[in-house]
Amino acid sequence: MRSHWVTRLLSSAPVLVPVFFAVLAAVGTTMVLLDSFDGVLATAIAFAVTVVLARVIGLGEEVITRKALLVDLLAIGLALAFGFINAKYSAQNVVVGRDPGTYAVTAQWLLHHSTLDIDTQQNLFGNVFGYAGAGFGQASPVGHIYSQGAHGLPEVLAAGGSLFGSSFMFRMNALIGGLALLAVYGFARLVIGRWPALIAAGLVGLSLPQIAFARDAYTEPISQLLVFGGLALLWQCRPGQSGRWAIAGAVLAASCLTRIDAFLVLPPLVAFAALRLAITLPAERKVALRDTAALLAGAAVPALLGLRDLQQLSSGYYRDLHGQFSQIFALIALSVVVGVVAVVVGWKTPLLAWFEEHGTSWRNRAGDLGAGLVVLVGLILALRPLYMEGDGAKPGQFGLVGALQKGAGQRFAPERTYAENSVTWLAWYAGPLATALALLGVALLVRRVVRDRRLELLPFLAFLLVTALLYLLQPSITPDQIWAMRRYVPIVIPGLAICALLVLTEGLRRLSGNTRTVVAVVAGIALFAPVAYITRPLLTVREGTPQLQEIKRVCDTLPDRDGVVIAGDMGFRYAMTVRSFCLSPAATVGQDRMSVNALSIAAKKLASDGRQLWILGADDVQPQLAALSAAGEPVIFNQLNTKVWAKALETPPRGIINVGRNFYLGHVGLDGKVDRWAPSYDGIPKSAAKKP
């Protein structure tokens with residue numbers, strides 16, 4: 001007897017939600033490539049397509065028991081609770097320094113524009129000032145800039161903002177992070193069962209990296225959502241269901257629309273498809289070939305769309321990282337070549353038949369050897385702090401690393417990468433017991449894939465091993481915490497949680513009665529207590545507020561159409577913020593180029609277009625602003641006091657830092673001097689009355 005459609009819909013939520021976001025990211029990217037982005041329309045199309053695809057996928061199992069539905073509902077509740085709690089403490093990051101500012105400001109731009117061909121209107125200022133800045137490089141023609149990176153996340157955030165407003169947009173990634181936990185659960189329940197899967201998702205949700213990167217505009221949560229949603233769909237595919245195979249491949253590869261390292265899912269996916277095809281029996285090869293073609297074609301569509309996004313809309317960023325892409329493309333090509341050879345050998349030689357008859361003992365030995373090798377490599381990586389010290393950091397990382405070393409009283413060695421501590425990092429945030437159990441879990445999965453030919457486990461295992469080995473060996477990121485953990489959020493941390501619960505579940509099954517109960521309780525405390533200890537100090541610390549209020553005050557004070565030149569350090573990091581939020585032309589000027597002559601040229605050029613010139617700066621340019629003033633000392637327009645998590649190199653982040661800045665906003669006359677200062681902000685206008 002079939003379960004009620006509502007029951008099956010709820011049970012299918014862990015895979016349908018990723019399908020929706022995959023379609024939304026693909027539709028959004030297509031629209032942006034065509035200079036026709038519309039968040040409301042993109043959402044409507046994504047919803048309609050998801051409804052159609054749901055019929056292809058099918059709504060869950062034929063019969064869903066009450067116990068199974070209860071756990072599924074608890075997983076949905078966990079996802080929503082994570083989303084709502086972390087939305088309450090979501091960051092407001094509108095200053096473009098690191099990636100979240102870039103993504104947030106790009107999403108804000110898309111709320112009011114259909115294109116990412118960003119015209120800075122530099123000609124309005126007489127071309128005497130700069131126009132590019134952090135996160136936004138110079139494009140062609142002159143005066144145009146691009147937003148660096150893949151644009152799937154900004155498009156999704158902008159779609160949410162189009163429906164529910166700009167303030168919601170800054171909370172939306174917390175919801176995505178919660179839904180990513182639901183996707184992790186959706187896959188894990190297939191591997192380890194529903195209750196252990198719920199515990200694994202809860203462990204991930206309590207970890208500080210999951211919380212930190214869901215509270216700001218990071219790409220890791222949506223990548224996690226798409227990868228684990230795609231893995232669950234792939235697991236459930238059956239021979240002859242070509243539509244499902246195509247959807248699974250598309251959802252997995254949709255992560256390429258959000259992160260460049262997500263292209264790493266493609267080589268293992270190709271290898272899995274080839275291996276599956278190679279061992280298929282002759283009578284089933286025609287069906288398997290159709291399924292494989294559907295899987296790879298489905299993956300190719302978003303992957304090529306993501307590649308085109310980078311090449312067309314982030315050309316400078318793509319050129320800078322071309323070496324990394326070349327390596328990924330080489331891996332894909334190698335996977336194709338090896339795959340073709342494997343299929344030819346499997347289909348055209350008697351080798352497959354020989355292995356079917358004589359390969360049991362070989363598989364057993366290979367499985368044991370592979371499991372042992374996993375444990376050995378894991379131990380070697382974990383013990384690296386005893387025998388090595390990672391170095392070779394990029395010069396651009398020296399400043400931050402050196403400053404943190406000096407501040408903590410550590411040896412000054414800015415070239416250090418701290419890569420030797422990568423396993424230690426995982427133990428901090430996932431807990432030492434979970435990390436140790438996870439190593440055994442990965443070894444167990446390797447053994448099962450090889451010995452028992454559990455091919456359905458291979459995609460997950462391959463993605464986990466490739467990503468973990470790559471980033472544990474060389475994280476390739478500035479090593480300050482918690483920033484350095486970004487690489488591990490999409491696959492590694494949830495993957496290790498699943499593997500840890502796999503071992504724990506297998507162990508508990510061998511016990512009975514009170515012994516099993518006691519061991520389960522002790523193990524649960526040992527799993528969650530260290531993670532909670534690391535997370536607790538920062539759980540209710542909200543970063544970056546009230547920056548939305550600050551930029552709204554700037555926008556409300558500026559007359560429509562007027563131009564703004566942003567001086568000093570803030571020019572490099574705030575010009576695009578003003579363009580996106582205030583819809584005002586903005587230019588940048590460094591401290592060494594602030595002059596009455598340049599301001600006069602810009603003021604007169606703007607005046608010829610019926611506009612006026614304003615200058616905005618912070619404390620670093622207060623002396624220069626005073627020298628340019630014909631209206632007395634600069635008046636503090638807005639004071640910002642906010643909190644940020646304290647960065648650390650050799651410990652998890654534990655404390656907070658109070659930071660602040662003063663903004664000065666002045667009107668520039670035709671003579672190039674500030675003839676009046678915007679008064680200290682007094683009162684909140686209607687557009688900023690609602691607390692963001």
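A cavity here is a set of grid points where a 1.4 Å probe fits but cannot get out, and residues count as lining when they have an atom within 4 Å of a point. Keep that in mind for the first views, and note that this is a predicted model throughout.

**View 1. The largest cavity, with α21 as its main contributor.**
Helix α21 gives the largest share of this lining, four residues. The space inside comes to about 130 Å³. There are 15 lining residues, and those closest to the centre of the cavity are D261, A262, T467, P490 and I491. Two helices, α10 (220-236) and α21 (458-473), each put at least two residues into the lining. Sorted by class, the lining has ten nonpolar, two polar and three charged residues.

**View 2. The second largest cavity.**
Zoom in on a space of about 70 Å³. Its lining is made of A91, A104, L157, M169, F170, N173, R215, D216 and A217. Six of these lining residues are nonpolar, one is polar and two are charged. As for the wider count, the structure has five cavities of 30 Å³ or more.

**View 3. The largest pocket.**
Now for the open spaces. This pocket has a volume of about 1,500 Å³. It is lined by 46 residues, and L321, Q324, K394, S476 and R487 sit closest to its centre. Quite a few elements chip in: α4 (99-112), β2 (136-138), α14 (315-320), α15 (322-348), α18 (395-407) and α21 each supply at least two lining residues. Helix α15 gives the most, with five residues. On the chemistry side, the lining splits into 20 nonpolar, 17 polar and nine charged residues.

**View 4. The second largest pocket.**
Here the space is about 1,200 Å³. Of its 39 lining residues, the ones closest to the centre are L275, R276, I279, R453 and L455. The helices that each bring at least two residues to this lining are α10, α12 (266-278), α15, α16 (351-358), α17 (360-382), α20 (432-451) and α21. By class, the residues of the lining come out as 28 nonpolar, four polar and seven charged.

**View 5. Helix α19 against helix α23.**
In this close-up, α19 (residues 422-430) packs on α23 (residues 513-535) at an angle of about 100 degrees, and the two axes are 7 Å apart. The pair is therefore roughly perpendicular, since angles of 65 to 115 degrees count as such. On the α19 side the contact is made by W428, Y429 and A430, while α23 brings L527, V531 and I534. This contact has six nonpolar residues, with no polar and no charged ones.

**View 6. The disulfide between C555 and C582.**
Searching the whole structure turns up one disulfide. The partners are C555 and C582, with their sulfur atoms 2.0 Å apart. The torsion about their S-S bond is about -80 degrees, so this disulfide is left-handed. C555 belongs to helix α24 (residues 547-557) and C582 to helix α25 (residues 569-582), so the pair ties together parts that are 27 residues apart in sequence.

Key:
Residues are numbered from 1 along each chain as its sequence is written. This is a predicted model: local features need pLDDT of at least 70, side-chain atom pairs count only at pLDDT 80 or more; totals for chains, interfaces and linings use all residues. Side-chain values use heavy atoms; hydrogens and water are left out. Axes are lines fitted to C-alpha atoms, for helices over the stretch in contact, and angles run from 0 to 180 degrees between N-to-C directions. Angles under 35 degrees count as roughly parallel, over 145 as roughly antiparallel, 65 to 115 as roughly perpendicular and the rest as oblique. Contact means heavy atoms within 4.5 Å. Ala, Val, Leu, Ile, Met, Phe, Trp, Tyr, Cys and Pro count as nonpolar, Asp, Glu, Lys and Arg as charged, and the others, Gly among them, as polar. On a 1 Å grid over the protein atoms alone, a cavity is a set of points where a 1.4 Å probe fits but cannot get out, and a pocket is an open set with protein on both sides within 12 Å along at least five of seven lines; lining residues have an atom within 4 Å of a point. Grid points are joined across faces, edges and corners, and a volume is the space filled by probe spheres set on the points. A disulfide is a pair of cysteine sulfur atoms within 2.5 Å.
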